[in-house]
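Reader: I've got a model open and want to talk through how its parts hold together. Can you take me through it?

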Amino acid sequence: MTAHLRTTAAAPRTRYAASAAAVLLGLTAALTGCSAEERDPDAGTNGVGKLSAKKIEGRAIKAADAADAVRLSGNVVSKGRTYELDMRLREDGGSGRVTTGSSTFELLRVKKDLYLKADAAFWKSQQEKPSKADAEAAGKLDDKYVKVPPADPAYQQFTGFTDMSVLLDGLLVLHGDRSKGERTEIGGVRAIRVAAGGGTGGTIDVSLEGTPYPLRFQRAGDAGVLRLTDWNKDFGLKAPEKDDIVDYGQEITTE
């Protein structure tokens, strides 16, 4: 009887011991995994985090140059003016919205054809002292696409907002010695920061996942912060319907 009781009592302890051992093994494995991850923060990434700051920047610029499309949003300060941008760009054109001061307008470029759409207030603001006729004309242009003639002085400035190569080459510029900064996360994507001049010369956050695209760029001298998303995601780009296009009939000023 006594032996039987001893045998029965020992069984639960054996099961408990086995369960405890399993938990301990699982915990050890988890801790070992964490330690390995801490030792190698580049585990599961594209590996650019192991490169020098200069090489990381080079990989990002190369990836941007090879891309077919991108969405660029944020703000840019140029010649004392702040431009809020939200543009979708590809090699043969682009579309989106630009805001500067109290003026907001939409731009659409299909190959060489550039169209501008704005409300009546925008068109009235293009005249120093708008007359009644100017106000009436502005009303006809309200929320319509105006095809900007290539000879118009505004064509070059507005086209720049829709040119993927011009924008990326002109905006993604760092000044000063490069250094590797902190690891960040942009839109849920792991990234590594490259700083120039200790950060005063601009910073660029480069994706550590997949292709090392630039994801965020802070321009030198607090001249704006830009987000770069939707890399290589195509989007529809076509000229407006004829009924949505009107002739402005004179030069479009940009002041």
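Author: Sure, starting with helix H6 (residues 164–171), where Met164, Leu167, Leu168 and Leu171 are buried. Buried is under 20% relative accessible area, exposed over 50%, and partly exposed in between, with a 1.4 Å probe and protein chains only. Helices (H or I, at least four residues) and strands (E, at least two) are DSSP runs, numbered from the N terminus.

Reader: Before we go on, what kind of model is this?

Author: Residues are numbered from 1 along each chain as its sequence is written, and side-chain values use heavy atoms, with hydrogens and water left out. Local features need pLDDT of at least 70, side-chain atom pairs count only at pLDDT 80 or more, and totals for chains, interfaces and linings use all residues, as this is a predicted model.

Reader: Back to H6: how wide an arc do the buried residues cover around the axis?

Author: Met164, Leu167, Leu168 and Leu171 are the buried ones in H6. An α-helix has 3.6 residues a turn, so residues three or four places apart point the same way. The arc is taken from the directions from the helix axis to the C-beta atoms. The buried residues sit on the same side of H6, because they cover an arc of only 90°.

Reader: What covers the buried residues of H6?

Author: Contact here means heavy atoms within 4.5 Å. The cover includes helix H2 (53–66), helix H5 (153–160), strand E1 (69–78), E2, strand E10 (214–218) and E11.

Reader: And at the start of H6, which residue's side-chain oxygen reaches the backbone nitrogen of Ser165?

Author: That oxygen comes to within 3.1 Å of the Ser165 nitrogen. A polar contact is a pair of N or O atoms within 3.5 Å; within protein, one must be able to donate a hydrogen and the other to accept it, and residues adjacent in sequence count only if both atoms are side-chain atoms. The residue is Asp163.

Reader: On to charges: how many salt bridges are there?

Author: The rule is a side-chain nitrogen of Lys or Arg within 4 Å of a carboxyl oxygen of Asp or Glu. By that rule the count is 15.

Reader: Asp234 and Arg90 make one of them; how far apart in sequence are they, and is each buried or exposed?

Author: Their side chains meet at 3.0 Å, N to O. Asp234 is in the loop between strand E11 (224–229) and strand E12 (245–246), while Arg90 is in strand E2 (residues 81–90). Asp234 counts as exposed because its relative accessibility is 60%, whereas Arg90, at 16%, is buried. The separation along the chain is 144 residues.

Reader: Which residues are joined into one network by salt bridges that share partners?

Author: Glu106 pairs with Lys117, with the closest N and O atoms 3.9 Å apart; Glu106 is in strand E4 (residues 103–110) and Lys117 in strand E5 (residues 113–118). Lys117 also pairs with Asp143 at 4.0 Å, and that pair ties together parts 26 residues apart, since Asp143 lies in the loop between helix H4 (132–141) and strand E6 (144–147). Lys117 is buried at 16%, and Asp143 is exposed at 53%. The network is Arg97, Glu106, Lys117 and Asp143.

Reader: Last one: which side chain makes a polar contact of 3.0 Å with Arg193?

Author: Arg193 lies in strand E8 (residues 189–196). Not counting residues up to four places away in sequence, Arg193 touches several residues, including Thr203, Ile204 and Arg216. The polar contact goes to Asp205.
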